[in-house]
Amino acid sequence: MIGRNVEIRSTAGIVYRGIVRSIRPDDELGELFELASARTADYRRLVYVTDRLAQIREIEDSEVAS
């Protein structure tokens with residue numbers, strides 16, 4: 001997943017988009033994903049993921065351009 005463009009829906013229902021920079025395991029909550037942007041160096045989001053299949057969707061190149 002590292003380096004892929006994804007859309008992550010947080011457990012609170014907020015949708016984040018970005019490039020996966022790191023994934024850190026968290027025994028209690030699942031995993032902590034760090035997202036960044038290829039366009040903006042200041043963009044950084046940390047999102048907890050408890051269910052990868054339900055919360056993460058890979059973004060196609062055509063969707064990134066729009």
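Me: In this predicted model, which side chain makes a polar contact with the side chain of Glu7?
Reply: Glu7 is found in strand S1. Leaving aside neighbours within four places in sequence, the contacts of Glu7 include Val15, Tyr16 and Arg17. One of these residues also meets Glu7 side chain to side chain, at 3.2 Å. The polar partner is Arg17.

Me: Is Glu7 buried or exposed?
Reply: The relative accessibility of Glu7 is 17%. The cut-off for burial is under 20%. Glu7 therefore counts as buried.

Me: How many bridges pair S1 and S2?
Reply: The two strands run in the antiparallel sense. Across this pairing, Val6 stands opposite Gly18 in S2. Gly18 is also among the contacts of Val6. The number of bridges between S1 and S2 is 5.

Me: What is the order of the strands in the open sheet?
Reply: The sheet has 5 strands, with antiparallel pairing. Its edge strands are S4 and S5 (56-58), each pairing on one side only. From one strand to the next, the twist averages 45 degrees. The order is S4-S3-S2-S1-S5.

Me: How many residues lie between S2 and S3 in their hairpin?
Reply: S2 and S3 pair in the antiparallel sense, over 7 bridges. One of the paired positions is Pro25, whose bridge partner in S3 is Glu31. The hairpin leaves a short count between the strands: 3 residues.

Me: Which side chain does Ser22 join in a polar contact?
Reply: Ser22 sits in strand S2 (residues 15-26). It is buried, at 16% relative accessible area. Beyond four places in sequence, Ser22 is in contact with Ile2, Leu32, Phe33 and Glu34. The polar contact, at 2.9 Å, is with the side chain of Glu34.

Me: Which side chain does Arg44 join in a polar contact?
Reply: Arg44 is found in strand S4. Leaving aside neighbours within four places in sequence, Arg44 is in contact with Arg24, Glu34 and Leu35. A polar contact of 2.9 Å picks out one of them. That partner is Glu34.

Me: What is the exposure class of Arg44?
Reply: The relative accessible area of Arg44 is 45%. Buried needs under 20%, and exposed needs over 50%. The value for Arg44 therefore falls in between, and the class is partly exposed.

Me: What separates the C-alpha atoms of Arg44 and Gly18?
Reply: Arg44 belongs to strand S4. Gly18 lies in S2, opposite Val6. The two residues are 26 apart along the chain. Their C-alpha atoms are separated by 8.5 Å.

Me: Why is S3 largely enclosed by the rest of the structure?
Reply: S3 covers residues 30-36. It pairs with S2 over 7 bridges, and 6 bridges join it to S4. S3 is largely enclosed because the buried residues number 5 of the 7.

Me: Which residue in S4 stands opposite Phe33?
Reply: S3 and S4 (residues 44-49) run antiparallel. Phe33 and its partner are both members of the largest nonpolar core. The residue opposite Phe33 is Val47.

Me: Which elements give two or more residues to the largest nonpolar core?
Reply: Nonpolar side chains tend to be buried together in soluble globular proteins. Here the largest nonpolar core has 8 residues: Val6, Ile8, Val20, Phe33, Leu35, Val47, Val49 and Ile56. The elements that give two or more are S1 (5-9), S3 and S4.

How values were computed: Residues are numbered from 1 along each chain as its sequence is written. This is a predicted model: local features need pLDDT of at least 70, side-chain atom pairs count only at pLDDT 80 or more; totals for chains, interfaces and linings use all residues. Side-chain values use heavy atoms; hydrogens and water are left out. Helices (H or I, at least four residues) and strands (E, at least two) are DSSP runs, numbered from the N terminus. Buried means under 20% relative accessible area, exposed over 50%, partly exposed in between (1.4 Å probe, protein chains only). A polar contact is a pair of N or O atoms within 3.5 Å; within protein, one must be able to donate a hydrogen and the other to accept it, and residues adjacent in sequence count only if both atoms are side-chain atoms. Contact means heavy atoms within 4.5 Å. Two strands pair if DSSP finds at least two bridges between them. A nonpolar core is a set of buried Ala, Val, Leu, Ile, Met, Phe, Trp, Tyr and Cys residues joined through side-chain atoms within 4.5 Å. Axes are lines fitted to C-alpha atoms, for helices over the stretch in contact, and angles run from 0 to 180 degrees between N-to-C directions.
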